[in-house]
Amino acid sequence: MEGFAGRAFRWTATGAGALILAVLAAVAVFLIIRAWPAMSARSGELSEKINWFPEGQSLLQFIGPLVWGTLLAAAIALIISMPLSVGIALFISHYAPRRLANTLGYVIDLLAAIPSVVYGLWGGLWLIPKLQPAWAWLADNFGWFPPFAGPASDPPRVILSVSLVLAVMILPIITAVCREVFLQAPVLHEEAALALGATRWEMVRMAVLPFGRPGIISAAMLGLGRALGETMAVLMILSPGALYSLALLKVGQQQTIAANIALQFPEADPLGVSTLIATGLALFVITLVVNMAARAIVARRKDFSGAN
Amino acid sequence: MTTLTPTPAGPPDLTPDSTADTRALLAGMDTRRRVTDKVMTGLVVASFVIALIPLISVSWTVLSNGLDRFNLNFLSVSMRGVFGGMDAGGIYHAIMGTLEITALAALISVPIGLLAAIYLVEYGRGALAHTVTFFVDVMTGIPSVVAGLFAYALFAVVFGPGVRFGVVGAVALSVLMIPVVVRSCEEMLRLVPNELREAALALGVPKWLTVVKVVLRTAIAGIGTGIMLAVARVIGETAPLLITVGVIDSINFNVFDGRMMTLPVYVYRQYSQGLVPCNDPAAICIPTINYDRAWAAALTLILIVMLLNLAARLLTRVFAPKTAR
């Protein structure tokens, strides 16, 4: 039997759960409402009224390069971060002494505790000057590979520097998810591999990595989602452009959606704000798809994993 | 895998020659495998060491560059009337703004997050609970700048375009904070042993009182820890506040009216103002004053975040023995 208070409490709790869904829906709805003036503007109106809007382009033509820049920066960050994270996760779960594992995990989590604006400051003032020789070397020796085509810009406020900082920023979340999965790898399989005479690496390759593959994929996608939406590090390091460019070592080539919003928003007029919200909507959809895919993979793994 | 040629049945042929052959074969295989193992171990350890480089480098640069200006005066004055390369200015207004807006965000998100967690753990069955769990996870991935745009769009409907005040920023931060609070509270509530619930229910305590007086009371330390970590996560958010609360040089305590300064935005603002040209030799002018202030503010921000993290850990440690069973 449930009294009035009990029912009220249950409904309040359920309401709070439903409210979360409502908030997520509201994010989409209000973004669409505010983006509508820009989305429905007749051709030419945007570039007429907004001073930073490129001449003679439609909204889609404007968003295109931004999406490209966003994806490029995030993808390179992921390429840099992924092997490192898997290595760190393996180190914590299978190589480091058991008793140290928690502490080491905490050390990596500290990387996530540093605010993004501090990463931006560190990247912009400290890291950038130190990267110049490395990028110049890359351009000199691997210039035949189109993304590394020289000459490397100085100061290197380029997309590769940005991705390097982004890679550091997404390292903790990828590591955390991988670590969790590796720790769940069936101990019996590991012991069986070792008993058959496998070395530690062979054990990892045969028992841990195959088991953890879905987890690694979803970790990568979570990291990708983080990198796509990261604003400050990009804003404070990158010297932006608006091209569909693969050049990683030159300034003024790419820009990301998030950084562009933060850059233009404070000075934008109502139609400009509307345009920026339209780009924000694109970012929202991209990250939503990536995150939902990642979470779906994790959820499915939980259901079918017979290990526990 | 080591593949050995199958030996014929019968007594093994143990001439000294064949033993040496087999040993050479095994040793030869083993060398390659052992080297691979050693190399991979090296790489795995190296990846951990590489990850430490940015951590140490960030901490060190912020500490060494920020300590110069980090003093009582810097913490207790605002930027009002400060211009050029003046050896003045501080972050009092930014600290106050950050504390107020973050506190307000916590005030909004903690009840919602906690209640949603209670729903998921104690009441949640069926499709709605599954959907909520899934979308809470998805919501943790919303880019912070989109949360800022959402809060702006929401308030612009009522207050018209160009809306900038503290509450808008607090709403933006709550969008980012709610999923984190739900996640950590849910985890803590699940740690409460079922026996406690069953004992309370068997004594005739209504379910809601069981939740409030037994489950919540048992998990309170963990919930406190989770909330503190959630606060630590959003207190460093910059982009949503830059969009919704804006920038100001003087002190504004009122979250319902007018722009406010916050610590992360202050760091960005000082950074983007860059070097100061010093042409007048008579006046006191520090070319790097903006960067110096940015470093000192970043140091303050990191100290606040670390203090919150430390407090959260201490809280768990202090209360851990009681909740362990």
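How far apart are the end C-alpha atoms of residues 66-92 of chain A, and how much of that span is helix? The ends are 37 Å apart, and the span is 100% helix and 0% strand. Helices here (H or I, at least four residues) and strands (E, at least two) are DSSP runs, numbered from the N terminus.

Some ground rules before going on. This is a predicted model in which local features need pLDDT of at least 70 and side-chain atom pairs count only at pLDDT 80 or more, while totals for chains, interfaces and linings use all residues. Residues are numbered from 1 along each chain as its sequence is written, and chains are lettered from A and ligands numbered from 1 in the order in which they are written.

**How confident is the predictor?**

For the complex, the predictor gives an ipTM of 0.89 and a pTM of 0.88. Per residue, the score to look at is pLDDT, the predictor's confidence in each residue, from 0 to 100. Chain A has a mean pLDDT of 88, with 96% of its residues at 70 or more. One stretch to treat with care is residues 303-308 of chain A, where the pLDDT is below 50 and, beyond near neighbours in sequence, the model has three contacts. Where pLDDT is low, the predicted coordinates should not be read in detail. Chain B averages a pLDDT of 86, and 92% of the residues score at least 70.

**Chain A and the annotated spans**

Chain A has 11 helices and zero strands. Its C-alpha atoms fill a box of roughly 75 × 70 × 30 Å, taken along the principal axes. In the loop between α5 (116-142) and α6 (159-184) of chain A sits A:P155, and a cis peptide bond joins A:D154 to A:P155, with omega at about 0°.

UniProt, in unreviewed entries, lists "domain: ABC transmembrane type-1" at residues 67-294 of chain A and at residues 95-312 of chain B. UniProt positions are given in the numbering used here, feature names are shortened, and annotations may be inferred rather than shown by experiment. The record also has "transmembrane region" features, including residues 66-92 and 271-294 of chain A, and residues 101-121 and 294-315 of chain B. Here is how some of these annotated spans look in the model:

| Span | Helix | Strand | End C-alpha distance |
|---|---|---|---|
| Chain A, residues 67-294 | 76% | 0% | 20 Å |
| Chain A, residues 271-294 | 100% | 0% | 35 Å |
| Chain B, residues 95-312 | 75% | 0% | 21 Å |
| Chain B, residues 101-121 | 100% | 0% | 30 Å |
| Chain B, residues 294-315 | 100% | 0% | 31 Å |

**Where the chains meet**

Two residues are in contact if their C-beta atoms, placed from the backbone, lie within 7 Å. By that rule, 71 residues of chain A are in contact with 70 residues of chain B. On the chain A side, α1(A) gives the largest share, 19 residues. By class, this side has 50 nonpolar, 15 polar and six charged residues. For the classes, Ala, Val, Leu, Ile, Met, Phe, Trp, Tyr, Cys and Pro count as nonpolar, Asp, Glu, Lys and Arg as charged, and the others, Gly among them, as polar.

One pairing across the interface is helix α1 (residues 4-39) of chain A with helix α5 (residues 144-159) of chain B; their axes come within 9 Å and cross at roughly 65°. That makes α1(A) roughly perpendicular to α5(B). Axes are lines fitted to C-alpha atoms, for helices over the stretch in contact, and angles run from 0 to 180 degrees between N-to-C directions. Angles under 35 degrees count as roughly parallel, over 145 as roughly antiparallel, 65 to 115 as roughly perpendicular and the rest as oblique.

In this pair, A:V27, A:F30, A:L31, A:I33 and A:R34 of α1(A) meet B:L149, B:F150, B:A153, B:L154 and B:A156 of α5(B). The contact has nine nonpolar, no polar and one charged residues.

**A pair inside chain A**

Helix α4 (residues 101-113) of chain A packs on α6(A) at an angle of about 140°, with the axes 7 Å apart. The two helices are therefore oblique to each other. From α4(A), the contact residues include A:G105, A:I108 and A:D109, and from α6(A) they include A:V168, A:L171 and A:R179. By class, this contact has seven nonpolar, two polar and two charged residues.
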